[in-house]
Each structure stands twice: as C-alpha cells, then as structure tokens.
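Me: I am new to this structure. Please take a close look at one part for me: the charged side chains and what lies around them.

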Amino acid sequence: MTTTERLMISKEKKVCVNCKYFIQHYIYDKRFNNDFSPCNDGHCVKPRLKNRKPKNKACEHFEWNQEMT
C-alpha cells in the first residue's frame with residue numbers, strides 16, 4: 001500500500017506527498033507486522049530542507065513524482 005493510499009490522498013492532487021522533492025517520514029509500528037508506517041510528517045529538499053505535511057498545498061517548486069504515476 002502506498003503512502004497516498006494510507007493517508008487517503010488522491011494521486012492527482014497537487015500536494016506535497018505527490019511531489020518528487022517530498023521525503024516521507026515513517027514510524028516503526030509493532031502492531032502491523034513489525035513494519036514501518038508513514039506518519040503525517042515529512043520534509044522537502046527543494047530549494048532547502050524544510051518541514052512539510054503530506055497534505056500541504058504544493059509550493060512553486062512542485063514537480064510530479066514519476067514513481068507514483
């Protein structure tokens with residue numbers, strides 16, 4: 001299951017989680033097969049490091065993440 005599916009975000013929406021510069025943060029969750037689950041946090045690497053939420057409105061540096069299409 002992808003991050004957009006877990007957070008119930010459309011892949012067509014212009015939000016941070018759909019940007020190629022967004023790095024998703026994860027938490028280790030023992031309840032789900034000792035796996036990592038995406039949390040409601042991340043950061044952007046363009047043009048500098050800054051905290052972002054997956055559902056934040058996209059900024060002027062937004063570029064579609066090709067891995068998600």
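Reply: Start with a yardstick. A residue is buried under 20% relative accessible area and exposed over 50%; partly exposed lies in between. Keep in mind that this is a predicted model.

By that yardstick Lys20 has a relative accessible area of 43%, so Lys20 is partly exposed. Its side chain forms a salt bridge with the side chain of Glu63, at 3.2 Å from N to O. This pair ties distant parts of the chain together. Lys20 sits in the loop between α1 (3-6) and β1, while Glu63 lies in the segment after β3. They are 43 residues apart. Glu63 is partly exposed too, because its relative accessibility is 33%.

How many salt bridges does a search of the whole structure find? Two. Lys53 and Asp41 form a salt bridge as well, and their closest N and O atoms are 3.7 Å apart. This pair also links distant parts of the chain, here 12 residues apart. Lys53 is in the segment after β3, and Asp41 is in strand β2. Lys53 is partly exposed at 38%. Asp41, at 25%, is partly exposed as well. Side chains of opposite charge can pair when their charged atoms come close.

Now the strands. The sheet is open, with three strands in the order β1-β2-β3 and antiparallel pairing. β1 (22-29) and β3 (50-52) each have a single partner strand, so one side of each has no neighbour in the sheet. On average, neighbouring strands are turned by 45° against each other, direction ignored. β2 covers residues 35-44 and pairs with β3 over three bridges. In this pairing Gly42 has Arg52 in β3 as its bridge partner.

Return to Glu63. Tyr21 touches Glu63, and also His43, Cys44, Val45, Lys46 and His61, leaving aside residues up to four places away in sequence. Tyr21 belongs to the largest nonpolar core, which has 11 residues. Cys44 and Phe62 are among the members, as are Leu7, Ile9 and Val15. Nonpolar side chains tend to be buried together in soluble globular proteins.

Phe62 is buried, because its relative accessibility is 12%. The count of aromatic pairs comes to two. In one, Tyr28 and Phe36 have ring centres 5.3 Å apart and planes at 65°, so they meet edge-to-face. Phe62 and Trp64 form an edge-to-face pair, 4.8 Å centre to centre with 85° between the planes. Trp64 is partly exposed at 36%.

Key: Residues are numbered from 1 along each chain as its sequence is written. This is a predicted model: local features need pLDDT of at least 70, side-chain atom pairs count only at pLDDT 80 or more; totals for chains, interfaces and linings use all residues. Side-chain values use heavy atoms; hydrogens and water are left out. Rings of Phe, Tyr and Trp (its six-membered ring) pair if their centres lie within 6.5 Å; planes under 30 degrees apart count as stacked, over 60 as edge-to-face and the rest as tilted. Buried means under 20% relative accessible area, exposed over 50%, partly exposed in between (1.4 Å probe, protein chains only). A nonpolar core is a set of buried Ala, Val, Leu, Ile, Met, Phe, Trp, Tyr and Cys residues joined through side-chain atoms within 4.5 Å. Contact means heavy atoms within 4.5 Å. Two strands pair if DSSP finds at least two bridges between them. Helices (H or I, at least four residues) and strands (E, at least two) are DSSP runs, numbered from the N terminus. Axes are lines fitted to C-alpha atoms, for helices over the stretch in contact, and angles run from 0 to 180 degrees between N-to-C directions. A salt bridge is a side-chain nitrogen of Lys or Arg within 4 Å of a carboxyl oxygen of Asp or Glu.
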